[in-house]
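Let's take a relaxed walk through this fold, starting on the inside and working outwards. Keep the 3D view open as you read.

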Amino acid sequence: MVAVPPAVVYAAVSDVARLARWSPECFAVWRYRPGRFIGFNRRKAYVWFTTCRVVVARPGEEFAFDVTTFGQPVSRWGYRLAAVDGGTELTEYWLDKRNRAATRLGRIFTGKVTLDRPVANRAGMRTTLERLKRELERA
């Protein structure tokens with residue numbers, strides 16, 4: 001639970017440039033068109049970029065974007081929000097959309113983490129949500 005209203009949480013998660021402040025992998029975002037952006041990521045010595053397109057934008061409820069790399073589907077990342085007493089219940093989710101080509105590219109650009117991507121992403125989501133909560137509740 002984040003102790004701020006859903007509108008505040010939504011404004012934060014839908015401002016994709018702010019993702020780099022919370023994510024343990026994403027270190028920069030470049031918005032090149034409305035609803036489209038490139039995420040620059042790193043894990044250990046590996047650095048890669050992804051192309052992202054916003055697919056859900058329901059203020060106060062949900063924000064999500066699809067991720068591709070070199071034209072191959074990778075994932076959907078999103079945030080679901082629900083008003084609760086004292087603030088917002090915030091859930092981050094990830095859906096794996098990788099095909100065989102994307103999995104191969106992932107091994108080249110992200111290393112062995114591709115094989116344990118669900119485990120790595122669960123840990124990353126915990127970190128992201130903790131950082132986001134800390135920032136929003138301090139403001």
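In this predicted model, the largest nonpolar core has 23 residues, and V9, F65, L90 and L136 touch the most other members. Who chips in? The elements that each give two or more residues to this core are α1, α2 (19-22), β4, β5, β6 and α4.

Let's zoom in on L136. If you skip its neighbours within four places in sequence, L136 is in contact with V2, V4, V8, V9, A12 and R18. So V9, one of those partners, turns up again in the list of residues that touch the most other core members.

Now for the sheet. Six strands make an open sheet, lined up as β1-β2-β3-β4-β5-β6, with antiparallel pairing. Why do β1 (26-33) and β6 (87-96) each have one side without a neighbour in the sheet? Both stand at the edges and have a single partner strand each, so there is nothing in the sheet on the other side. On average, neighbouring strands are turned by 25° against each other, ignoring direction.

At the β1 end, β1 pairs with β2 (residues 36-43) in the antiparallel sense, over six bridges. Look for R33, which sits opposite R36 in β2.

Two helices lie across this sheet, and here is how they run:

| Helix | Strands it lies across | Angle |
|---|---|---|
| α1 (residues 6-13) | β3 (46-58), β4 (62-69), β5 (72-84) and β6 | about 160° to β5 |
| α4 (residues 117-138) | β2, β3, β5 and β6 | about 155° to β6 |

Both α1 and α4 also give two or more residues to the core we began with.

Conventions. Residues numbered from 1 in each chain as written. Predicted model: local features only at pLDDT ≥ 70, side-chain atom pairs only at ≥ 80, totals over all residues. Heavy atoms only, no water. Pairing = 2+ DSSP bridges. Helix = DSSP H or I, 4+ residues; strand = E, 2+ residues; numbered from the N terminus. Axes fitted to C-alpha atoms, helices over the stretch in contact; angles between N-to-C directions. Contact = heavy atoms within 4.5 Å. Core = buried A, V, L, I, M, F, W, Y, C linked by side-chain atoms within 4.5 Å. Buried < 20%, exposed > 50% of the residue type's maximum accessible area, 1.4 Å probe, protein only.
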